[in-house]
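Colleague: Please take a close look at one enclosed part of this model and set out, in a connected account, what surrounds it.

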Amino acid sequence: MSTRTRTSIALAAVVGLAAGAGLTALATSASDSTETVTVALAADREDQQNANPTRGSGHSGMASMVESEFDYLVDMIPHHQEAIDNAQLLVEYSERPEMRDFGQAIIDTQSAEIVRMEAWLDEWYPQADTTSDYEPMMGDLTSLRGDELDREFLETMIPHHMMAVMMSQQLVRSSLAEHAELVPFAENIRDVQRSEIYQMRGWLSDWFDIKSAHGSMGSGGGMGPGHGMGPGNGMGRGHGMGPGNGMGRGHGMGRDPGAESSTRDPSA
């Protein structure tokens, strides 16, 4: 599957969730929401033409599986961890102080949110299997530096943020939270990351003359082969972004929160 197809499918998954929650334009302005939907529909048609379609970049599964607060917590943790791992690259290798500061803000905010979500899982679902089949959305940016890193990060973090916004809004609008404290938590993720989407789009426009809601659909896009896209990822706790490494704590989808886990470390 080409990089362009994978990136299109990623956007299709985000817009598909948005449509299901009545949120098609939530992360886009009125002027560009039509373009986003058009890209999504085109990607959907292209995907259907594949003889052996695959899950692609993992988050399409997230889009369809947020059916409870347990799902939300389990899936948001590795999603956050991927953002943290890539934000660390900005801190270390971006030449723009704005991007370094932005990366550090993501690290600080989302690290604290992971701690809270893990604590809630331990408290609310102590016997549950929290294994995840989360697959990275952003690809491997570790070899990029300077402008190339900044552009790839922005182009791939926008749909990554869009997924978190949609998941959070789905949790709130569908009244999936069983514990009241999760609602303002999810609303804050939604609002902060939506604001950051607009900031990132502004930087793409100012620095790279990219006006699209989702960044460029050109080659690269952080979705190339061998970048953590295959099965078997996402099982480690807090590992990095390199190929074959885990994405976060190892939490899963399609599981019974009441079932006792054979993989959960009680000391985690």
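Modeller: The largest share of the lining of the second largest cavity comes from H5, which gives 5 residues. The model is a predicted one, and the description that follows should be read as an account of that prediction.

The structure contains 2 cavities of 30 Å³ or more, and the second largest of them encloses about 50 Å³ of space. Its lining is made up of Ala105, Ile106, Thr109, Gln110, Glu113, Ile189, Val192, Gln193 and Glu196. Two helices, H5 (97–124) and H7 (182–208), each contribute at least two residues to this lining. In chemical character the lining is mixed, with 4 nonpolar, 3 polar and 2 charged residues.

The two helices may be placed within the chain as a whole. The protein chain has 7 helices and 0 strands, and its pattern along the sequence is α-α-α-α-α-α-α. Of its 268 residues, 55% count as buried. Among contacts between residues at least 6 apart in sequence, 79% join residues at least 24 apart.

H5 is best considered first. Serine 111 is found in this helix. Because its relative accessibility is 29%, serine 111 counts as partly exposed, a class that runs from 20% to 50%. Leaving aside neighbours within four places in sequence, serine 111 is in contact with Ile84 and Ile106. Of these two partners, Ile106 is also one of the residues lining the cavity. The C-alpha atom of serine 111 is separated by 7.7 Å from that of glutamine 81, although the two residues are 30 apart along the chain.

H4 also holds glutamine 88. Its relative accessible area is 32%, so glutamine 88 is partly exposed. Between the C-alpha atoms of glutamine 88 and threonine 142 there are 9.9 Å in space and 54 residues along the chain.

H7 is the other helix of the lining. Why may its length be regarded as agreeing with expectation? At 1.5 Å a residue, its 27 residues should span 39 Å, and the C-alpha atoms at its ends are 38 Å apart, which agrees. The expected span rests on one less than the number of residues, because the 1.5 Å step is multiplied by that figure.

Both ends of H7 adjoin a residue or a loop worth noting. The loop between H6 and H7 includes serine 175, whose phi is near 55°, a positive value in a residue other than glycine. Serine 175 is exposed, because its relative accessible area is 61%, where exposed means over 50%. Just after H7, aspartate 209 takes a positive phi of about 55°, and this residue too is other than glycine. Aspartate 209 has a relative accessible area of 57% and is therefore exposed.

H5 and H7 also take part in the nonpolar packing of the model. The largest nonpolar core has 51 residues, of which Tyr72, Leu73, Phe153, Leu154 and Leu182 touch the most other members. Two or more residues of this core come from each of helix H4 (69–93), H5, helix H6 (146–173) and H7. H6 provides the largest share of the core, with 12 residues. The two helices that line the cavity are thus also among the contributors to this core.

Leucine 154 shows the packing in detail. Not counting residues up to four places away in sequence, leucine 154 touches Met99, Met200, Trp203, Leu204, Trp207 and Phe208. One of these partners, Met200, recurs in a second pairing: the C-alpha atoms of isoleucine 158 and methionine 200 are 7.0 Å apart, with their positions 42 residues apart in sequence. Isoleucine 158 is found in H6, and its relative accessibility of 0% is why this residue counts as buried.

Glutamate 152 is placed in H6 as well. This residue counts as buried because its relative accessibility is 10%, under the 20% that sets the limit. Its C-alpha atom and that of methionine 138 are separated by 8.8 Å, with the two residues 14 apart along the chain.

In summary, the second largest cavity holds about 50 Å³ and takes lining residues from H5 and H7, both of which also give residues to the largest nonpolar core.

Methods
Residues numbered from 1 in each chain as written. Predicted model: local features only at pLDDT ≥ 70, side-chain atom pairs only at ≥ 80, totals over all residues. Heavy atoms only, no water. 1 Å grid on protein atoms, 1.4 Å probe; cavity = no way out; pocket = protein on both sides within 12 Å on 5 of 7 lines; lining within 4 Å. Points joined across faces, edges and corners; volume = space filled by probe spheres on them. Helix = DSSP H or I, 4+ residues; strand = E, 2+ residues; numbered from the N terminus. Nonpolar A, V, L, I, M, F, W, Y, C, P; charged D, E, K, R; others polar. Core = buried A, V, L, I, M, F, W, Y, C linked by side-chain atoms within 4.5 Å. Buried < 20%, exposed > 50% of the residue type's maximum accessible area, 1.4 Å probe, protein only. Contact = heavy atoms within 4.5 Å.
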